[in-house]
Structures are given as C-alpha cells and as structure tokens.
Amino acid sequence: MMNTALQAIVTKALPALSGEQVTYNAAKNVFLSQGYTSAAGNMYYKAIRLSNRLVVYYDLGQGYAYTFLNGIKLYCFDGQKANLIAQKYWGGCDYRIFNEQFAKEQSILMLSNFLVGQLKAQGAHVSNQEIFSFAYDMIEETQHKQLA
C-alpha cells in the first residue's frame with residue numbers, strides 16, 4: 001500500500017497521467033504507465049520515479065530486442081502542481097538503448113543545468129561541485145523505494 005503523503009504527491013504531480021492506469025513495479029522501483037503498441041509492433045510507455053520535490057519521466061520504447069530511452073522530462077513539485085523544468089529527447093539515428101546508469105546521469109546533468117540557469121538568473125554564485133552534488137542527491141531521492 002502506498003503511504004498517504006506519497007499518494008497525494010502522485011495525484012497532484014502526475015496530472016499528465018490522469019485517467020491513465022499507472023502501476024508500481026516494486027522490482028524496478030518505478031511507476032509504469034499502461035502505454036500503447038505502434039503499428040510496427042513496438043510498445044511505448046512512461047516509467048516514472050518521484051520524490052516529494054521532483055518527478056522524473058522516462059519515455060521508453062520496447063522493440064523486439066531492446067528497450068529504448070526516447071526521452072527524459074524533469075518536473076519540480078511546488079506542493080500544488082508539477083512544473084516542467086527540463087527535457088531531453090533522443091530518436092532517429094541518435095537512439096539510446098535504455099540503461100539505468102545512463103538515464104540517471106542524464107537526469108543529474110539536466111537538473112544541474114536547470115539549477116545553474118536559476119542561480120545565474122538570481123545573480124547567485126555556487127560552485128559547480130555543490131550544484132552537481134545537490135542535483136545528484138535530488139535524483140537519488142527519486143530512486144528510493146516509494147512504498148510504505
């Protein structure tokens with residue numbers, strides 16, 4: 001059973017999935033959308049990890065031999081709703097076979113870049129190491145088991 005606080009976050013933070021069935025895969029520690037199958041026979045779905053501050057969407061495609069990472073979206077959660085803060089897509093000749101470590105590294109870099117932009121906009125100065133460490137910790141929070 002999902003804890004009450006997490007249930008509230010999921011309900012508010014995943015509005016793009018409202019009405020879509022989402023299941024929790026405990027073995028992979030990820031929420032999975034139902035997805036759809038293309039005319040070519042490939043399955044497309046979202047894998048979602050979250051904490052109380054951040055939502056990470058992996059756009060995945062399951063081909064006959066591999067799972068592909070088609071994109072990543074990061075949303076921050078302000079307590080009321082999720083706001084898109086970064087996104088990156090791969091596709092065509094630049095496709096990526098899904099790899100947990102690569103997806104995590106890309107998420108950390110995306111969040112780091114967002115934070116650098118926010119700090120510059122505010123005229124604040126923080127070392128790159130501190131930014132990276134903070135981004136790492138935030139992404140790491142989304143990797144923790146979410147069920148009570």
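**Figure 1. Strand 5 and strand 6 in the predicted model.** Leu 54 stands opposite Cys 76, a residue of strand 6. Strand 6 covers residues 67-77, runs antiparallel to strand 5 and is joined to strand 5 by 9 bridges. The two strands form a hairpin, with 4 residues lying between them.

**Figure 2. Strand 4 and strand 5.** Strand 4, made of residues 43-50, is antiparallel to strand 5, and 8 bridges join the pair. One bridge partner to look for is Tyr 57 in strand 5, which is matched with Ile 48. The hairpin that connects strand 4 to strand 5 passes through 3 residues. Strand 5 itself spans residues 54-62 and is mostly covered, with 8 of its 9 residues buried.

**Figure 3. The largest nonpolar core.** This core holds 22 residues. Tyr 58, Ile 72, Leu 74 and Leu 111 have the most contacts inside it. At least two core residues come from each of strand 4, strand 5, strand 6, strand 7 (82-89), helix 2 (100-122) and helix 3 (128-143). Helix 2 contributes the most, giving 5 residues. Apart from this core lies another, of 8 residues, which includes Val 55, Tyr 57, Tyr 75 and Ala 82.

**Figure 4. The surroundings of Ile 72.** Neighbours within four places in sequence are left aside in this view. Among the residues in contact with Ile 72 are Val 56, Tyr 57 and Tyr 58. Ala 86, Gln 87, Lys 88 and Trp 90 are also in contact with Ile 72. The list is completed by Ala 103, Gln 106, Ser 107 and Met 110.

**Figure 5. An aromatic pair, Tyr 66 and Phe 68.** The count of aromatic pairs comes to 5. In the pair shown, the ring centres of Tyr 66 and Phe 68 are 6.2 Å apart and the ring planes meet at 70°, so the pair is edge-to-face; the cut-off for that class is over 60 degrees. Tyr 66 is partly exposed, with a relative accessible area of 44%. Phe 68 is partly exposed as well, at 22%, because a residue counts as buried under 20% and as exposed over 50%.

**Figure 6. Confidence along the chain.** The average pLDDT of the chain is 83, and 83% of the residues score at least 70. Confidence is highest in helix 2, at 95. Helix 1, residues 4-13, has the lowest confidence, with a mean of 58.

Methods. Residues numbered from 1 in each chain as written. Predicted model: local features only at pLDDT ≥ 70, side-chain atom pairs only at ≥ 80, totals over all residues. Heavy atoms only, no water. Buried < 20%, exposed > 50% of the residue type's maximum accessible area, 1.4 Å probe, protein only. Pairing = 2+ DSSP bridges. Core = buried A, V, L, I, M, F, W, Y, C linked by side-chain atoms within 4.5 Å. Contact = heavy atoms within 4.5 Å. pLDDT = per-residue confidence, 0-100. Phe/Tyr/Trp six-rings, centres within 6.5 Å; stacked < 30°, edge-to-face > 60°.
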